[in-house]
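Subject: Handing over a structure

Dear colleague,

I am passing this structure on to you, and I would be glad if you could look through it before reading my notes below it.

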Amino acid sequence: MNNLTKTMVNRMSRVTNTHLTDRHNELLEYVCSYYEEHRVGPLYQNIKRVTGATKEEIDSLFPYGLVSLYTWVGIPIQSAGSPCKPMAAVKVDNFREVYFDHNATTFVRDEVKSCLVKYYSGEYGFGNPSSSNNVGKNAYNIIHTAHARIADLLKVDVEDIIFTGCGSESNNMAIKGIAFNHLKDKGHIITSNVEHPAVLESVQFLEELGFDVTYLEVDSDGRILPQAVKESLRKDTILVSIMAVNNEIGMINPIKDIGAICREAKVPFMVDAIQGFGKIKLRPKEWGISLLSMSGHKIYAPKGVGALYVEKGLQLAPLIHGGSQEFGKRAGTENVGSIMAFGLAAELAKKEMDSEAQRLTELRSIFLDELRRIEPAAIINGSLENRIPNNINVGFPGIDSGSLLLSLNLIGVYVSAGSACSAGSSEASYVIKALGVDTDRYGIIRFSFGLPNTIEDVKYLFKYLPPILEQLRLDQK
Ligand SMILES: Cc1ncc(COP(=O)(O)O)c(C=O)c1O
């Protein structure tokens, strides 16, 4: 331990009223030297092998057990207060980075990047789209093209598309935009308990204002039944908001059937399509959808741009008041570069939709074969039918998802967990819980594939996953 680490240890012991003994120092020395050599903290099993200290002893010596042992010597952990982050250290032969987190976000693809470089270098499009001069008109035309490209993917009209600052804004704009027309008499909203927080928090806010909300539950496959929507409709229902594709488990809802029910009942139907846009067919006009939200960063455009389809004639109170941009529905000088990028990404997604869906479905079935081979007791959350091709959500029995995520991270495989630390944690994902999965038993990991992923990526993962799982399980014994 160097002097700086010693000072830190002394300080932490004082702050936490811990009397430092030789045993404390022995453990701290070992953990520190292990970290210097491996750049990760040791697992419980390593600590026990070398020093003889059990988990119970560590917990009794240090105020937050392993977390204190790590942090006192400066080992970074993912979240303070969470004692569940030991990582498996597996040596890899040919390190590669495998990004399996495309439901979280995507990189900006090359075609989009090169057009953005021209935009940001000032080659074109820097004018204010509301200006009448030539540079302004040029920027206006760029936005118009982007409207047309997004509209084309949905088979709607150019003026039905509004650009926003992100997918969350689109959801807020749609839900509050309808509700704010009913501030006097309030009314009833139907949604589901597995929506994205951008929907759930919006309706919860409206509940505080006096609106009444029904949260539908999913079936065991993770889908909303159209019949459940029908049975929940009331005379005062002002909106139904159901997502097209769930962001965690990739389940595709029966949007067309729900749309038909809403249309018959003359109730506006809002669809959060942020995980589905550009990946599956969506037809708002034919399917009875009144509002449909999209986001650029899920389809290889930059972050910070979204869009909303608004059915003709639908009254929507604006969230942002001001100028007459976006057909008077969303004020503010447009983010021309990002809008252009989003439009181009949508056009490319349209061209590739069928071939990518087929390719990713094949890749996923190879993934599933491998998973069944190495981990037959793993569960798949949500059914395989009616699932977006790029998503698979796995429950690993007896594994802490936070530890698995960080262990995979160390070998360059990037995924998402159901929550920061799901197995055995009260923070387990509400979506997975809604499926009835025992989140104390299973560590939940979402793998989401995208354009750059190949069979080589899947092989790389499954080469190192077995020793990682083995180490993590041994550590829990
Ligand atoms: C289903 C769903 N809705 C809404 C959002 C929010 O979109 P944005 O990140 O563009 O605000 C996301 C993003 O993860 C999402 O997956």
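What follows goes through the ligand surroundings, the two sheets and one bent helix.

This is a predicted model, in which local features need pLDDT of at least 70 and side-chain atom pairs count only at pLDDT 80 or more, while totals for chains, interfaces and linings use all residues. Residues are numbered from 1 along each chain as its sequence is written.

To begin with the ligand, there are 14 residues around it, of which Gly167, Ser168, His196, Asn247 and Ser295 come nearest (a residue is near a molecule if its C-beta atom, placed from the backbone, lies within 6 Å of it). The shell divides into 4 nonpolar, 9 polar and 1 charged, where Asp, Glu, Lys and Arg count as charged, Ala, Val, Leu, Ile, Met, Phe, Trp, Tyr, Cys and Pro as nonpolar, and the others, Gly among them, as polar. Helix H8, residues 167–179, gives the most to this shell, with 3 residues; helices (H or I, at least four residues) and strands (E, at least two) are DSSP runs numbered from the N terminus.

One open sheet has 7 strands in the order E2-E8-E7-E6-E5-E3-E4, with mixed pairing, two strands being paired if DSSP finds at least two bridges between them. Its edge strands are E2 (161–164) and E4 (212–216), each of which pairs on one side only, and the twist averages 20° from one strand to the next. Within this order, strand E6 (residues 269–272) and strand E7 (residues 291–295) pair in the parallel sense over 3 bridges, and Met270 has Leu291 in E7 as its bridge partner. Helix H9 (residues 197–208) packs on the sheet, touching E3, E4, E5 and E6, and its direction makes about 155° with that of E3; contact requires C-beta atoms, placed from the backbone, within 7 Å, and axes are lines fitted to C-alpha atoms, for helices over the stretch in contact, with angles from 0 to 180 degrees between N-to-C directions.

The other open sheet has 4 strands in the order E9-E10-E13-E12, with antiparallel pairing. Strands E9 (379–380) and E12 (416–417) stand at its edges with a single partner strand each, so one side of each is left without a neighbour in the sheet. E12 is joined to strand E13 (residues 442–448) by 2 bridges, and the bridge partner of Ser416 is Arg446.

Finally, helix H13 (residues 336–374) bends by about 60° at Glu352, the bend being the angle between axes fitted to the seven residues ending there and the seven starting there.

With best wishes

Terms used. Contact = placed C-beta atoms within 7 Å.
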